[in-house]
Every structure is written in C-alpha cells, then in structure tokens.
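Student: Could you take me through one part of this structure slowly? I would like to look closely at a place where helices pack, and then at what lies around it.

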Amino acid sequence: MSPTQILILIGAYFLVLLLISYFTGKNDSNADFFKAGKQSPWYLVAFGMVGASLSGVTFISVPGWVEASEFSYMQVVLGYLVGYFVVAFVLLPIYYRLDLTSIYEYLLDRFGPTSHKTGAFFFFVSRVLGAAFRLFLVAIVLQQFVFDDFGIPFEITVVISILLIWIYTERGGIKTIVWTDTLQTLFMILAVILSIIFINRELDWSFTEFLASSELRQYNKFLFTDDFLARNHFLKSFVGGMFITICMTGLDQDMMQKNLTCKNLKDAQKNMVSFSFVLVGVTFLFMLLGALLFIYAHKNNIAVPLMDGAPKTDLLFPEIALNSGLGLTLAITFMLGLIAAAYSSADSALTSLTTSFCIDFMDLDKRNEAEQKRLRKRTHIAMSALLIMVIIIFKYVLSRNVIDGLLTVAGYTYGPLLGLFAFGIFTKHRIKDKYVWLVTILSVVIIALIANIDPDKLGGYVLGYELLPLNGLLTFFGLWLIRERKESVSVSV
C-alpha cells in the first residue's frame with residue numbers, strides 16, 4: 001500500500017468522524033461535552049470502551065511483545081477481569097450517588113481541597129503520559145510507513161495527529177466520543193480478525209490448524225508459576241493486573257467519564273460487566289495474532305524493522321501488513337484498525353484532560369455560563385498542545401516496549417490515587433488535608449527507590465506490576481499517620 005493511498009484512507013476515515021461530530025456537537029454545551037446529557041445507551045458505551053481500553057498500544061505493541069514474553073500478558077488480563085467487577089460494584093455506586101462530573105470531586109467531599117487537587121494532579125500526569133504513550137506509537141508507524149516518503153518530519157506528523165482529534169472533539173466532547181468510539185472499536189476488531197484470516201490463508205492453514213500447530217506452541221504459554229522471583233509469575237501479574245484496572249479504569253477520569261454518561265447506575269454496571277468479558281476475548285485474539293505474525297515472519301525471512309538502528313518489534317505488524325505483499329485488503333484493514341485503535345483512546349483522553357482541568361483546577365462550576373464555555377475551549381486547545389510536546393519528547397527518551405512502559409509508569413502515578421480512594425472508602429477517618437500532597441510525593445519517591453533496587457539484593461526477586469498496589473499501600477499508611485485524632489474532652493463536675 002503506497003503512502004499516498006494511506007493518506008487518502010486516513011482522510012476518508014476522518015471525514016466520517018467529522019460527520020459524526022457535526023450531528024453530535026450541534027448543541028455545543030458543557031453538559032453535552034462533559035456528560036453527554038446522561039443519555040448514552042449502555043451497550044454503546046460498553047462496546048466503545050473496548051477500543052478505548054485497548055488503544056493503538058494493544059493493537060501493535062501486544063502482538064510485538066509475544067516473541068519475548070509469549071502469552072504472559074494474559075495473566076495480567078485475567079487480573080483485569082476481577083478489577084472491572086470491583087469498579088462496577090464498589091466505585092460506580094459512589095460516583096452515581098454523588099452525581100459527579102469529575103470523579104476527583106469525591107476527594108473534595110471526603111477529605112478537602114488539597115486531597116482533591118492532589119488526586120486530580122496525579123490523574124493529570126497519568127493521563128498525559130498514557131495518552132502520549134499511545135499516540136507516540138501510532139505516530140512512529142505513520143512516520144515510518146507514510147510521512148518519511150514525503151519528507152515530513154516526525155514533529156509535523158504529531159501535530160497533524162493531535163489537530164485531527166481536536167477538530168472532531170472540540171464541540172461535542174464526550175457525546176461525540178461515545179459514538180465515534182463505537183465505530184472505531186468495530187474497525188479495530190474487524191482488523192484483527194481479518195488479519196488472522198488473511199495470514200493463515202497465506203500460510204495455507206485453517207484457523208483450527210493454526211491453533212493445533214507446533215509453531216504456535218512455541219509462543220502460547222501463558223501461565224508462569226515456576227519461579228516466584230521472576231517478574232512474570234502468575235500471582236504477581238494477576239494481582240498487578242487487578243489493581244491496574246481498578247486504578248487505570250475505576251480511578252481514571254477518562255474511562256469513568258464514559259460510564260457517567262449512562263442514564264443510571266444499573267446501566268453503567270451492565271456496561272462495565274459486559275465490556276470486561278469482551279475485552280478479555282479480544283485481547284486473546286491479539287495474542288494469537290502476535291504469534292501468527294512471528295510465525296509468518298520466520299517462514300518468510302522477514303526481519304523485525306529497525307528504528308534508530310535497533311530492532312523494534314512494535315513495528316512488525318505494520319511491516320507485514322503493509323510491505324510483505326499480502327494484498328491491498330490486508331493493508332487497508334490494518335490501517336483502519338490502527339487509526340481506530342489509536343484515536344478511540346486519544347480522543348477521550350483529550351476530552352477527559354479538558355474536563356478534569358476545568359472542573360478540578362479552574363473551578364468551572366463557579367463561573368457564569370459564557371465564561372465556562374470560553375474556558376473549556378481554551379483548555380481544550382492547551383491540552384492538545386501539551387500532548388504534542390510530550391509525544392515529541394518521547395521520541396528521544398523512550399526505548400522499551402510501549403505496553404510494558406505504559407504499565408510501569410502506572411505503578412508510579414496511579415498508586416497515590418489508589419491509596420486516597422481506598423482510605424476514603426474503607427475508613428471513616430478524616431485526615432489533615434494540608435499534608436496529603438507530602439504523603440503522596442513521599443510514596444512515589446519510595447516506590448521509585450524500591451523499583452531501582454538490584455534484584456540480586458532481593459535474593460533474585462524481580463519487581464513488576466506489584467509496585468502499583470504497594471504504592472497504594474504506602475499512601476494508605478501515610479494517610480493513616482496524618483489522620484485526625486479525636487481529642488478527649490474533660491467534663492467538670
């Protein structure tokens with residue numbers, strides 16, 4: 001597929017998104033931008049959340065991770081499943097009872113303004129980094145397979161990507177995203193299924209023959225229980241996955257904002273439960289696709305593409321789909337899936353950052369209606385510019401597999417949120433609110449020090465995703481230390 005054909009495909013795709021935006025953004029009100037008028041059908045939200053959760057990172061990086069880690073990522077995904085039930089039946093009832101726009105308003109109600117701002121700050125950092133991770137991956141694919149041929153620098157590629165998202169989310173916000181995410185999830189799942197079918201056909205396999213092949217057995221181990229010291233041990237991955245979901249979904253404004261557009265709590269819970277099972281199945285398809293890509297590459301002597309002189313397994317899927325002679329249909333399928341996966345998470349990230357900054361930092365609800373809309377639009381532009389800068393920085397500092405990097409960063413930034421919400425939900429204590437920022441910063445610093453301990457000093461134990469719950473536990477303990485103690489009152493007789 002030529003770069004010109006890819007550009008035409010991208011242009012046509014965004015025309016469809018702009019058409020959806022036109023119809024859903026007619027009102028251009030803050031109520032629609034932030035909550036979609038609380039009229040979203042739960043099944044649309046559930047289906048659209050699949051694409052937003054998987055994103056371009058899963059679409060490319062998970063298949064590219066299979067050769068190095070086999071199917072070990074499925075251990076994390078099984079933990080996700082348990083985490084989604086915690087979100088549905090512990091966190092969602094709280095958010096609906098308080099009728100929140102930003103979920104961090106809970107911390108204001110429970111503890112005070114410092115806790116509110118601290119929670120919102122950690123979300124802000126987490127979501128900026130997470131969205132930048134996802135868009136960075138798509139940008140390097142577009143750069144390598146499209147824009148390099150036109151002599152367009154990487155920085156311009158990033159600007160174009162963010163500009164397109166800003167255009168179709170600028171008016172409708174979350175109301176537009178509920179509908180565009182549904183379309184994008186459909187494209188992404190079709191891309192995976194059709195890619196598996198086309199590559200199997202090229203290998204002269206049926207799907208059942210592929211599942212029974214000796215080649216697949218080289219990659220399909222997903223339970224690792226032999227060495228507890230290893231990073232990918234089942235228990236560590238499962239528990240880590242559970243807390244990643246609780247934090248990166250249940251304590252994340254981006255993911256919860258979609259749920260809060262449902263008509264009522266019952267619909268939101270149906271959305272969350274159904275979405276969780278679909279997500280596990282779709283992720284397993286990605287793992288199968290990853291194994292199939294490496295099998296096909298080995299059989300056809302296709303080398304892993306280089307980026308800055310080093311092999312980059314994240315680029316194997318686009319290399320095979322676009323440059324291995326498998327036909328225009330597969331190339332179109334891949335590009336549609338990639339674009340859909342990338343933008344289904346990036347557009348909602350941009351909207352949630354705008355929402356959180358307006359509500360949590362700018363006290364939007366205390367301003368008049370005209371000023372509210374003006375502030376929302378300016379913030380939306382500012383968040384777009386911030387994402388552009390962070391993605392460009394990543395090109396020069398990021399070296400590890402993107403999905404692994406994303407989950408590692410989550411251990412640092414979502415841990416304080418986990419501790420704050422857990423303390424608020426499971427205890428009745430008030431805290432000395434003004435010290436909360438100090439507790440959370442110290443927790444992150446301690447976790448960073450622990451994460452850099454040489455495994456030899458821990459008896460060979462390799463730290464992994466369990467850093468996230470450990471971070472939450474440290475924050476919880478710190479909040480316990482600054483809890484308000486009731487003073488005894490002496491009564492004179």
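Tutor: Here is a walk through one helix pair, followed by aromatic rings and a few further spots.

This is a predicted model, in which local features need pLDDT of at least 70 and side-chain atom pairs count only at pLDDT 80 or more, while totals for chains, interfaces and linings use all residues. Residues are numbered from 1 along each chain as its sequence is written, and side-chain values use heavy atoms, with hydrogens and water left out.

Let's begin with helix α6 (residues 113-145) and helix α19 (residues 436-451). Helices here are DSSP runs of H or I with at least four residues, strands are runs of E with at least two, and both are numbered from the N terminus. Two packed helices are described by the angle between their axes and the distance between the axes. For α6 and α19, the axes come within 8 Å and cross at roughly 30°. Axes are lines fitted to C-alpha atoms, for helices over the stretch in contact, with angles running from 0 to 180 degrees between N-to-C directions. That crossing makes α6 roughly parallel to α19 (under 35 degrees is roughly parallel, over 145 roughly antiparallel, 65 to 115 roughly perpendicular, and the rest oblique).

Which residues meet? From α6 come T114, S115, T118 and F122, and from α19 come V436, W437, T440, I441 and V444; contact means heavy atoms within 4.5 Å. The residues of this contact divide into 5 nonpolar, 4 polar and no charged. Nonpolar covers Ala, Val, Leu, Ile, Met, Phe, Trp, Tyr, Cys and Pro; charged covers Asp, Glu, Lys and Arg; the others, Gly among them, are polar.

Now zoom in on T440, which is found in helix α19. T440 is buried, with a relative accessible area of 0% (buried is under 20%, exposed over 50%, partly exposed in between, using a 1.4 Å probe and protein chains only). Leaving aside its neighbours within four places in sequence, T440 is in contact with T118, F122, P416, L420 and T475.

Next come the aromatic rings. A pair of aromatic rings is described by the distance of the centres and the angle of the planes. Rings of Phe, Tyr and Trp (its six-membered ring) pair if their centres lie within 6.5 Å; planes under 30 degrees apart are stacked, over 60 edge-to-face, and the rest tilted. The count comes to 24 aromatic pairs. One of them joins F71 and F284 edge-to-face, at 6.1 Å centre to centre and 90° between the planes. F71 sits in the loop between α3 (42-69) and α4 (73-98), and F284 in helix α13 (residues 265-299), 213 residues apart. F71 is buried at 2% relative accessible area, whereas F284 is partly exposed at 36%.

Y104 and F421 also form an edge-to-face pair, 6.3 Å centre to centre with 75° between the planes. Y104 lies in the loop between α4 and α5 (105-110) and F421 in helix α18 (residues 415-426), so this pair ties together parts 317 residues apart in sequence. Y104 is buried at 0%, and F421 is buried at 2%. Ring pairs link Y95, Y104, Y106, F123 and F421 into a cluster.

Finally, two backbone details. N301, in the loop between α13 and β1 (306-307), has a positive phi near 55° although it is not a glycine, and N301 is exposed at 72% relative accessibility. D363, in the loop between α15 (328-361) and α16 (369-397), has a positive phi of about 50° and is not a glycine either; D363 is partly exposed at 27%.
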